[in-house]
Amino acid sequence: MGLITGLLTLPLAPVRGVAWIAELVAEQAEMELYDEQRIMRELAELEMAHDAGEIGDDQMNEGVEVLLGRLETGRQLREWRAQHG
């Protein structure tokens with residue numbers, strides 16, 4: 001970046017900083033949402049709640065469907081990132 005370009009875009013530095021932080025937060029949230037260990041733990045918790053009678057069959061099935069969807073999406077994202085760097 002040249003001196004003049006640097007000076008002209010200096011007022012945008014706070015905006016770029018906020019955008020960078022927002023990207024980091026979004027990336028971290030995505031990593032946590034699609035973390036396989038976390039999903040497996042949530043599946044186990046769901047099963048324990050069902051076994052204890054805290055939730056019914058419908059809730060169990062819905063929860064499993066959502067968690068398996070997250071698991072599949074996470075695997076697809078990791079595969080895509082591996083292929084596209």
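A salt bridge, as the term is used here, is a side-chain nitrogen of Lys or Arg within 4 Å of a carboxyl oxygen of Asp or Glu. Keep that in mind, and take a look at Arg 38 and Glu 42: their side chains meet in just such a bridge, with 3.1 Å from N to O. The model you're looking at is a predicted one.

Let's stay with that pair for a moment. Arg 38 and Glu 42 sit four residues apart in helix α3, so about one helical turn separates them. How covered up are they? Arg 38 has 33% relative accessibility, so it counts as partly exposed. Glu 42 comes out at 21%, which also makes it partly exposed, because the buried class is for residues under 20%. The pair isn't on its own, either: Glu 32, Arg 38, Glu 42 and Arg 70 are linked in a network of salt bridges.

Now step back and take in the whole chain. What is it built from? The secondary structure comes to four helices and zero strands, and reading along the sequence gives you the pattern α-α-α-α. The radius of gyration is 21 Å, well over the 12 Å that the globule rule gives for 85 residues, so the chain is more spread out than a compact globule. You can see this in the C-alpha trace, which spans about 65 × 30 × 20 Å along its principal axes. As for burial, 14% of the 85 residues count as buried.

For a feel of the distances involved, start at Thr 5, which lies in helix α1, running over residues 3-9. Thr 5 counts as partly exposed, at 42% relative accessibility. From there, jump to Gly 74: the two are 69 residues apart in sequence, and 40 Å lie between them in space, C-alpha to C-alpha.

Back to the charged pairs. In general, side chains of opposite charge can pair when their charged atoms come close. How many salt bridges does the structure hold? There are six. One of them joins the side chains of Arg 81 and Glu 30, at 2.1 Å from N to O. This pair links distant parts of the chain, with Arg 81 in helix α4 and Glu 30 in helix α2 (residues 13-33), 51 residues apart. Arg 81 is partly exposed, with a relative accessible area of 38%, and Glu 30 is partly exposed too, at 26%.

Another bridge brings together the side chains of Arg 75 and Glu 36, at 3.2 Å from N to O. Here Arg 75 lies in helix α4 and Glu 36 in helix α3 (residues 36-51), so the pair ties together parts that are 39 residues apart in sequence. Arg 75 has a relative accessible area of 39%, so it is partly exposed; Glu 36, at 29%, is partly exposed as well.

One last stop, this time for charges that are alike. Which residues make up the patch of negative charge on the surface? Asp 57, Asp 58, Glu 62 and Glu 65 gather there. Pick out Glu 65 and you're in helix α4, which covers residues 57-84. Is Glu 65 buried or exposed? Its relative accessibility is 63%, so it counts as exposed, because that class takes in residues over 50%.

Technical notes: Residues are numbered from 1 along each chain as its sequence is written. This is a predicted model: local features need pLDDT of at least 70, side-chain atom pairs count only at pLDDT 80 or more; totals for chains, interfaces and linings use all residues. Side-chain values use heavy atoms; hydrogens and water are left out. Patches are made of residues with over 30% relative accessible area and no salt bridge: like charges are joined within 9 Å, nonpolar side chains (Val, Leu, Ile, Met, Phe, Trp, Tyr) within 5 Å. Accessible areas come from the Shrake-Rupley method with a 1.4 Å probe; for residues, only the protein chains shown count as cover. Lys and Arg count as positive and Asp and Glu as negative; His and the chain ends are not counted. The place of a charge is taken as NZ of Lys, CZ of Arg, CG of Asp or CD of Glu. Helices (H or I, at least four residues) and strands (E, at least two) are DSSP runs, numbered from the N terminus. Buried means under 20% relative accessible area, exposed over 50%, partly exposed in between (1.4 Å probe, protein chains only). The radius of gyration is taken over C-alpha atoms; the globule rule is 2.2 Å times the number of residues to the power 0.38.
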